[in-house]
Amino acid sequence: MPFLVPSAFPTQLQAANVTNSTEALMLVWQPIPVHRRHGIVLGYKILYRKTNESIFITKPVNSNSVALQLTKLEKFTKYEVGILAFTVKGDGPRSQLRTFLTSEDGK
């Protein structure tokens, strides 16, 4: 079977505020099912932005990870987050965007 891009995206993307930090979110997700990978998944790309901005920031993650802590975020701010997987042939489809809210100070 020739290598292709993944035909699915990682699922169950969730976020939680990091204890004692108002400027961080811990993201977790489930990997793509093997039959939808179409090759070796080299990693994931987390795409995120504040809800009122148009440009995404991209954070690469190695293929052995199913979690990432996003840091240096603004407190009490809504962020849109998506995820995709990639192989040597390129990026698979991006998940639907999920909206998460960072904490206020001391909350």
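Reader: Which residues does S95 touch, not counting residues up to four places away in sequence?

Author: Happy to start there, with the reminder that this is a predicted model. S95 touches F9, P10, G82 and I83. S95 itself is found in the loop between β7 (90–91) and β8.

Reader: Why is S95 called buried?

Author: Its relative accessibility is 5%. Buried means under 20% relative accessible area, so S95, at 5%, counts as buried.

Reader: One of its partners was G82. How do you know that G82 counts as buried?

Author: The relative accessibility of G82 is 0%. Set against the cut-off of under 20%, that value makes G82 buried, so the label follows directly. G82 is found in strand β6, and S95 is among the residues it touches, along with L13, K45, I46, L47, R94, Q96 and L97, leaving out residues up to four places away in sequence.

Reader: How many residues apart in sequence are G82 and F9, and what is their C-alpha to C-alpha distance?

Author: They are 73 residues apart in sequence and 9.5 Å apart in space, C-alpha to C-alpha.

Reader: Let's turn to T102. What makes T102 buried?

Author: T102 sits in the segment after β8 (98–101). Its relative accessible area is 1%, and buried means under 20%, so T102 is buried.

Reader: What makes the pairing of the T102 side chain with E74 a polar contact?

Author: A polar atom of that side chain lies 2.6 Å from the backbone oxygen of E74. The limit for a polar contact is 3.5 Å between N or O atoms, so the 2.6 Å distance falls within it. The T102 side chain also reaches the backbone nitrogen of T77, at 2.9 Å.

Reader: Now the interior. Which residues touch the most other members of the largest nonpolar core?

Author: The core has 19 residues, and those that touch the most other members are L27, W29, Y44, I46, Y48 and V81. Two or more residues come from each of β2, β3, β5 (67–70) and β6 (78–87). β6 gives the most, with four residues. As general background, nonpolar side chains in soluble globular proteins tend to be buried together.

Reader: What does Y48 touch, not counting residues up to four places away in sequence?

Author: Quite a list: I55, F56, I57, K59, L70, L73, Y79, E80 and V81.

Reader: Why is L42 called partly exposed?

Author: L42 lies in the loop between β2 (25–30) and β3 (43–50), and its relative accessibility is 45%. Partly exposed covers the range between under 20% and over 50%, so 45% puts L42 in that class. L42 also helps to make a nonpolar surface patch of about 400 Å², together with F3, I40 and V88. Patch residues need over 30% relative accessible area, so L42, at 45%, passes that cut-off.

Reader: What is notable about phi of H38 and F76?

Author: Phi of H38 is near 60 degrees, and phi of F76 is near 45 degrees. Each is a positive value in a residue other than glycine. Most residues other than glycine have a negative phi.

Reader: Are H38 and F76 buried or partly exposed, and how do you know?

Author: H38, in the loop between β2 and β3, has 17% relative accessibility; that is under 20%, so H38 counts as buried. F76, in the loop between β5 and β6, has 48%; that lies between the buried and exposed limits, so F76 counts as partly exposed.

Key:
Residues are numbered from 1 along each chain as its sequence is written. This is a predicted model: local features need pLDDT of at least 70, side-chain atom pairs count only at pLDDT 80 or more; totals for chains, interfaces and linings use all residues. Side-chain values use heavy atoms; hydrogens and water are left out. Patches are made of residues with over 30% relative accessible area and no salt bridge: like charges are joined within 9 Å, nonpolar side chains (Val, Leu, Ile, Met, Phe, Trp, Tyr) within 5 Å. Accessible areas come from the Shrake-Rupley method with a 1.4 Å probe; for residues, only the protein chains shown count as cover. A salt bridge is a side-chain nitrogen of Lys or Arg within 4 Å of a carboxyl oxygen of Asp or Glu. Buried means under 20% relative accessible area, exposed over 50%, partly exposed in between (1.4 Å probe, protein chains only). A polar contact is a pair of N or O atoms within 3.5 Å; within protein, one must be able to donate a hydrogen and the other to accept it, and residues adjacent in sequence count only if both atoms are side-chain atoms. A nonpolar core is a set of buried Ala, Val, Leu, Ile, Met, Phe, Trp, Tyr and Cys residues joined through side-chain atoms within 4.5 Å. Contact means heavy atoms within 4.5 Å.
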